Every structure is written in C-alpha cells, then in structure tokens.
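Work through the exercises below with the structure open. Each task is followed by a solution in steps.

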Amino acid sequence: MGRKNWLFSGSPRGADASATFYSLIETAKANNLNPSDYLYKLFEKLPHAQCRADLEELMPWNIVDNAEIK
C-alpha cells in the first residue's frame, strides 16, 4: 500500500490491525478471490469458529472460489 499510509495508523495496535487487513486482502487476491466478498463471508463465519481447524478452513488458500465459503 505504501510507506506513507503507515503514518496514519495512530498507534502500534492500529498499525498491526492495518497490516492484518492488508495481508488478508492481498492473500485473497493472490488466491483469485474477490477481497470484499471474501472479507464479508469471513466476518460472517469467524464468530462461529470453535478451534484452530475452523480458522484454517477460512483461510484464503483453502477456498477454491467465493461460492465455497458457506
């Protein structure tokens, strides 16, 4: 995204949160997913994750296309 964007994170926690979102978005793109669709479904399903395996299933590399996020 660019070096100057990190100047506006506000705090180290804000910078960590931004880095997490940028990483998810770029990883979704790298796996040929629509980032906005992926994030919508991710945030819909994330509260129901019970264990590490549930979280792993939601990672972009484990999804063939957006239709697979159920």
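**Exercise 1.** Classify F21 as buried, partly exposed or exposed.

Solution. The model is a predicted one. Start with the relative accessibility of F21, which is 39%. Buried requires under 20%, and exposed requires over 50%. F21 therefore counts as partly exposed. Next, place the residue: F21 sits in helix α1, which spans residues 12–30. Finally, look at the surface around F21. Together with F43, L46 and L55, F21 forms a nonpolar surface patch. The four residues F21, F43, L46 and L55 have about 340 Å² of accessible area together.

**Exercise 2.** Describe the overall fold by its helices and strands.

Solution. Count the elements: the protein has three helices and zero strands. Read along the sequence, the pattern is α-α-α. Then turn to contacts between residues at least 6 apart in sequence. Of these, 40% join residues at least 24 apart. Now take the surface. The accessible surface is about 5500 Å², and carbon and sulfur atoms account for 55% of that. Of the 70 residues, 19% count as buried.

**Exercise 3.** Find the residues of the largest nonpolar core, and state which element supplies the largest share.

Solution. In soluble globular proteins, nonpolar side chains tend to be buried together. Here the largest nonpolar core has eight residues: L24, A28, L33, Y38, L39, L42, L58 and I63. Assign them to elements. Helices α1 and α2 (35–45) each supply at least two of the core residues. The largest share, three residues, comes from α2.

**Exercise 4.** Show how the buried residues of α2 are arranged around its axis.

Solution. List them first: P35, Y38, L39 and L42 are the buried residues of α2. Look down the axis of α2. The buried residues fall within an arc of 95 degrees, so they line one face of the helix. The general rule helps here: an α-helix has 3.6 residues a turn, so residues three or four places apart point the same way. Last, ask what covers this set. The cover over the buried residues of α2 includes α1.

**Exercise 5.** Examine N32: what is its phi, and is the residue buried or exposed?

Solution. Locate N32 in the loop between α1 and α2. Read its phi: near 60 degrees, a positive value in a residue other than glycine. Most residues other than glycine have a negative phi. Then check accessibility. N32 has a relative accessible area of 71%, so the residue is exposed.

Methods. Residues numbered from 1 in each chain as written. Predicted model: local features only at pLDDT ≥ 70, side-chain atom pairs only at ≥ 80, totals over all residues. Heavy atoms only, no water. Patch = residues over 30% accessible without salt bridge, like charges linked within 9 Å, V, L, I, M, F, W, Y side chains within 5 Å. Areas by Shrake-Rupley, 256 points an atom, 1.4 Å probe, with all protein chains shown as cover. Salt bridge = Lys/Arg side-chain N within 4 Å of Asp/Glu carboxyl O. Helix = DSSP H or I, 4+ residues; strand = E, 2+ residues; numbered from the N terminus. Buried < 20%, exposed > 50% of the residue type's maximum accessible area, 1.4 Å probe, protein only. Core = buried A, V, L, I, M, F, W, Y, C linked by side-chain atoms within 4.5 Å. Arc of directions from axis to C-beta. Contact = heavy atoms within 4.5 Å.
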